[in-house]
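Reader: I want the labels justified, not just listed. Give me each cut-off once, then the value.

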Amino acid sequence: RKEYVDLYVDYMFNKSVQKPFEDFMQGFLRGCPARNWKMFLPEELQVLLQGHITFDWHLLEKNVMYKLYKKTDQTIRNFWTVFHKLPEEKKKMFLAFLSGSDRIAGYGLEHFTFWITDPQVENPDESCPYANTCQLILFLPR
């Protein structure tokens, strides 16, 4: 039984995908030659391709720019108080809501900036926050 399971697993994870993977790898290396990737350590390459997965959330707060708000406005202070109390998973969900991804590109969080602006709606109590993911803008009603 063990030999059967080993052979089955080998087939499913290796042999059955070998040809499609070779085709993919050939096309990938045509566009991104391997010599360009060899300068990176595996960990650096992973960050470059997948982005950072751990964050300094206070640095994120420092990098925010405000439009129609000041950093000292009560709405902004409340936002950051609540944000910093969230569990890590919820903070990453906010990042996905804001940017479309729960990760930060390879350049790192110190270069990641976004805007918080007041959408100036008629009745802010009836409006929900929303985001423009392309321009990294959070529209936060007062």
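Author: Start with accessibility. Buried means under 20% relative accessible area, exposed means over 50%, and partly exposed is in between, with a 1.4 Å probe and protein chains only. This is a predicted model, where local features need pLDDT of at least 70, side-chain atom pairs count only at pLDDT 80 or more, and totals for chains, interfaces and linings use all residues. Residues are numbered from 1 along each chain as its sequence is written, and side-chain values use heavy atoms, without hydrogens or water.

Reader: What makes Gln120 count as exposed?

Author: Its relative accessibility is 59%. The cut-off is over 50%. So Gln120 is exposed. Gln120 sits in the loop between β2 (115-117) and β3. Helices (H or I, at least four residues) and strands (E, at least two) are DSSP runs, numbered from the N terminus.

Reader: What is notable about phi at Gln120?

Author: Phi is near 50°, a positive value in a residue other than glycine. Most residues other than glycine have a negative phi. Leu68 also has a positive phi, near 65°. Leu68 is in the loop between β1 (65-67) and α6.

Reader: Why is Leu68 called partly exposed?

Author: Leu68 has 44% relative accessibility. That value falls between the two cut-offs, so Leu68 is partly exposed.

Reader: How confident is the predictor, and where is its confidence lowest?

Author: pLDDT is the predictor's confidence in each residue, from 0 to 100. The protein averages 88, and 97% of the residues score at least 70. Confidence is lowest in helix α3 (residues 34-37), at a mean of 76. It is highest in helix α6 (residues 74-85), at 96. Where pLDDT is low, the predicted coordinates should not be read in detail.

Reader: How do you know that the span of α6 agrees with expectation?

Author: The expected span of a helix is 1.5 Å times one less than its number of residues. For the twelve residues of α6 that gives 16 Å. The end C-alpha atoms of α6 are 17 Å apart, which agrees.

Reader: Which residues of α6 are buried, and why are they said to line one face?

Author: They are Thr75, Ile76, Phe79, Trp80 and Phe83. Seen down the axis of α6, these buried residues fall within an arc of 125°, so they line one face of the helix. The arc is that of the directions from the helix axis to the C-beta atoms. An α-helix has 3.6 residues a turn, so residues three or four places apart point the same way. The face of α6 turned away from the buried side carries the exposed residues Val82 and Lys85.

Reader: What is the case for helix α7?

Author: Helix α7 (residues 88-99) has twelve residues and should span 16 Å. Its end C-alpha atoms are 16 Å apart, which agrees. Lys91, Phe94, Leu95, Leu98 and Ser99 are buried in α7. They cover an arc of only 110° around the axis, which puts them on the same side of α7. Lys92 is also in α7. At 22% relative accessibility, Lys92 counts as partly exposed.

Reader: What label does Cys134 carry, and where is the residue?

Author: The UniProt annotation "active site", from an unreviewed entry, covers Cys134. UniProt positions are given in the numbering used here, feature names are shortened, and annotations may be inferred rather than shown by experiment. Cys134 lies in the loop between β3 (130-132) and β4 (137-139).

Reader: Why are Cys134 and Cys128 called exposed?

Author: Cys134 has a relative accessible area of 74%, so Cys134 is exposed. Cys128 has 57%, so Cys128 is exposed too.

Reader: How many disulfides does a search of the whole structure find?

Author: Zero. A disulfide is a pair of cysteine sulfur atoms within 2.5 Å.

Reader: What domains is the protein divided into, and how many Å separate their centres?

Author: Domain 1 is 1-39 and domain 2 is 57-139. Domain bounds come from an automatic or database domain assignment. The centres, taken over C-alpha atoms, are separated by 40 Å. Two C-alpha pairs add detail. Lys92 and Gln26, 66 residues apart along the chain, are separated by 35 Å. Ala131 and Ala34, 97 residues apart along the chain, are separated by 38 Å.
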